[in-house]
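Visitor: I am new to this structure and should like to understand the terms applied to it. May I put some questions to you?

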Amino acid sequence: MSEGLYSSCAEVLSIAQSFKDDLAAILDPESGYAPRMRQVCEDQIEELEDRPDSRTLRDEIEVLRLEQNTWGLLQAVMPARKTDPPHTQSAKDLLLDNPYTPTSTLAQAILQVTPLLSELIVVREWLQETAPTPAPPEANTGYWKFTKHTIMQSLRIGHTLRDSIVSEMDPDVVNRGDGTALAADDSSYEKSLLQALYGYVRAGRLDDAVEVCRRAHQPWRAASIRGSLLFQWKALSTERRDEDSDEEDSEPEAWSGNRNRKLWKSMCIRAALSPALSDQERLLYASMVPSPQTTSILKSACRTWEDHLWADISVMCEEKASRELARLATGSFWEGGVDALEKGVDELRNLQVQQDDDEWDKEVVRTLESLKSIAVLEGPPADHAFHFAQLYIILERTDALLDVFAGGLQDGTYSPATFEYDAMCRFFAHLCLFLQMIDVPVPPRSTQIILESYLGVLEEAGQRDLIALYAGALGDNAVERYAAFLVSLALSADFTERRLALTRASEHGLDVERVAVVTAERTIEKAFGMLPTLKEPLPSIITLQPPPNESEMFLLRSIEWTTFMESTYDVALEQATVILRYFLGAGRVQAAQSLLSLLPVELASIAEPEEVATEYLHYRQFFVIWETIARVVECQAQESTFTQGPGTTRETKAAWVADYRGLIDQAHDQIMKLLTTEWLVSDVDDIGGDRRRRELIRIRQIYVPELILRLHYLLYSSRKLIPENLKRALELANVVADSRYKLYEDFMNDGGRSLAEYLGAVRQAILAGLEHGGSDPFRIVFGP
């Protein structure tokens with residue numbers, strides 16, 4: 001499917017939504033929602049037909065044409081359903097005022113008071129408009145010229161005509177049943193002419209059919225076709241004429257149409273039923289006067305589902321109109337003759353014209369419902385989604401239509417694997433939105449399912465820019481659905497693209513803050529579903545760690561959604577602590593540091609909730625220490641450069657030692673402050689639940705022993721340059737053993753740094769105190 005088609009449909013939707021409550025603008029026949037959607041389909045069809053590979057795209061073109069026609073149907077029927085008809089006189093009142101009211105005026109009045117009939121007429125016009133373009137017959141230079149030539153030739157040479165050739169040229173000669181026929185070429189032309197005339201009648205192009213008859217030198221056939229027109233004489237009509245109407249140029253004194261249409265109709269029916277006429281001619285007469293008597297003939301020519309629909313509706317419309325006119329004949333000169341003028345007024349005044357014929361309404365419904373399973377010879381079957389949609393739109397059952405399609409999406413009837421799936425989801429999604437805009441009730445659950453399916457189509461097609469527009473139509477579920485889309489972006493969108501996608505939510509009426517929060521929550525949930533759970537033993541953080549994998553990056557970047565806006569910083573703070581707990585609990589210090597670099601500095605100034613704010617500050621305290629230790633190690637690595645390298649002076653060595661001492665002192669002070677201030681512990685006494693408490697204890701058991709050992713080795717390894725550090729290393733053991741801080745408890749876990757490992761390091765420091773002589777191992781501690 002062309003990417004331009006998605007954006008074109010979205011543009012139409014955006015324009016229609018800008019109309020808001022302007023129903024007239026949405027239903028405008030030129031610039032309304034349905035006409036624009038129809039034009040989008042038409043433009044796409046033209047684009048596909050112009051492509052070199054258009055033959056391979058026939059199925060796609062056919063589906064687009066069905067969608068185009070369905071939008072045309074919606075535009076045809078919806079305005080009348082959603083607007084009040086103008087008040088007009090009934091046909092009975094017109095006749096009481098003027099018994100000479102022309103038949104065409106009476107027919108129009110009948111339509112005004114019979115909504116179902118009026119709508120069926122509109123549907124018939126739509127079927128005629130969407131009918132295939134008739135193929136005109138070949139040009140003809142004369143009336144039965146080959147037959148005429150054969151007859152004239154026989155007369156000139158005095159030979160008798162063959163028994164199979166007619167000897168006369170009147171129009172009825174071939175229907176006399178004597179076995180004669182026209183010359184082969186004329187007979188073939190006659191057949192193609194009748195087929196073309198049926199095509200014109202099927203398409204509602206009577207004027208073109210009349211013109212074709214005249215060009216074929218058959219004016220009597222043109223007169224037969226014009227007999228279908230109702231009698232009209234404006235000079236005798238009391239109806240108001242529209243001053244802007246194109247008809248104002250016509251002379252009111254001139255009449256048109258058929259004054260004896262009932263007689264003409266009966267003769268057409270007889271002709272259609274006559275076995276003496278050819279099948280093509282019988283079909284032509286049947287199409288001009290669709291009636292129960294001629295239905296079988298009309299149906300025999302139906303090849304597509306649209307043909308069957310047209311035939312049934314034509315019969316119902318013709319019969320209903322004829323029945324209503326017959327009931328009014330007692331008061332109409334043109335329908336009842338002079339007798340109607342002499343005695344029909346009283347009868348007409350007492351006539352109870354039923355505006356809603358319940359039986360007829362039920363018959364219409366039964367007839368239309370029978371089309372759901374009718375067999376067709378060409379084109380999509382009766383149960384095709386678009387044919388089903390058209391039928392239910394005509395039956396005014398759009399709620400049931402949406403329920404059926406939504407059910408099909410859920411049970412797999414409509415599979416994403418089919419080429420029609422995208423087009424159907426697109427149409428039904430826009431149908432739901434159109435019905436909502438014009439206040440036609442739609443089933444909420446089905447609407448949600450359909451819109452969800454179309455959002456899936458858009459996501460699959462990479463139409464990220466359009467997701468917010470359609471997600472905004474999901475009502476209460478809009479935020480969740482758009483958040484789900486943002487989650488699906490995963491790592492494919494960078495920081496800027498994520499911010500832009502979030503901003504689009506506000507353009508379509510979504511609560512951006514809520515979208516950001518829900519997106520972050522769902523991202524974290526999804527990330528934790530992909531990541532391994534934290535289990536014993538504790539991880540080692542001594543070895544070199546690999547960079548964050550895809551799942552870890554997904555979790556890490558989840559914090560971006562709540563850091564775009566200052567109004568969501570409080571949520572970002574809570575989510576940051578959750579993510580930091582996981583990374584630190586998994587021994588992924590570098591990933592946790594990366595997360596910290598993404599967080600706004602303003603988070604550190606948030607004071608509520610207190611336990612979360614305190615936990616976050618403790619993490620920042622830890623990373624400050626971690627960075628200080630890294631600086632000490634970096635400085636230590638430069639020892640040979642400043643103490644033994646070429647050009648080294650006493651001053652440069654002294655300066656380096658001063659820097660080295662300062663960094664170690666800084667690390668010592670920071671670590672001692674952390675160790676003696678109940679780092680993280682105070683946050684889990686009675687707050688946060690068991691899981692949070694376990695996670696915080698796990699972090700202490702990983703990093704408190706690690707910091708103790710790292711501080712010990714920093715002090716121990718610097719003893720030759722800074723001798724007092726050996727004493728500080730041994731004094732650290734007193735802090736570890738102090739029952740006030742209970743640091744020794746953090747060593748008691750499987751997999752982490754053990755107390756034995758630390759005691760071994762202390763022993764090593766004690767032995768180092770004997771390096772310069774003496775036998776008292778405590779001299780280094782208690783000595784000056």
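**Terms and reasons**

Guide: Let us begin with Glu 396, which counts as exposed at 52% relative accessibility. Please note that the model is a predicted one.

Visitor: Why is Glu 396 called exposed?

Guide: Exposed means over 50% relative accessible area. Glu 396 has 52%, and therefore counts as exposed.

Visitor: What makes Glu 396 and Arg 81 a salt bridge?

Guide: A salt bridge requires a side-chain nitrogen of Lys or Arg within 4 Å of a carboxyl oxygen of Asp or Glu. For Glu 396 and Arg 81 the N to O value is 4.0 Å. Glu 396 lies in the loop between helices H19 and H20 and Arg 81 in helix H4, so the pair ties together parts that are 315 residues apart in sequence.

Visitor: Is Arg 81 buried or exposed, and how do you know?

Guide: Buried means under 20% relative accessible area. Arg 81 has 19%, so the residue is buried.

Visitor: Why is Glu 319 called neither buried nor exposed?

Guide: The class between under 20% and over 50% is partly exposed. Glu 319 has a relative accessible area of 22%, and is therefore partly exposed. Its salt-bridge partner is Lys 265, with the closest N and O atoms 3.6 Å apart. Lys 265 has 11% relative accessibility and so counts as buried.

Visitor: What makes helix H21 largely enclosed?

Guide: Of the 17 residues of H21, 15 are buried, so the helix is largely enclosed by the rest of the structure. Arg 426, in helix H21, is buried, as is Glu 67, with which Arg 426 forms a salt bridge.

Key. Residues numbered from 1 in each chain as written. Predicted model: local features only at pLDDT ≥ 70, side-chain atom pairs only at ≥ 80, totals over all residues. Heavy atoms only, no water. Buried < 20%, exposed > 50% of the residue type's maximum accessible area, 1.4 Å probe, protein only. Helix = DSSP H or I, 4+ residues; strand = E, 2+ residues; numbered from the N terminus.
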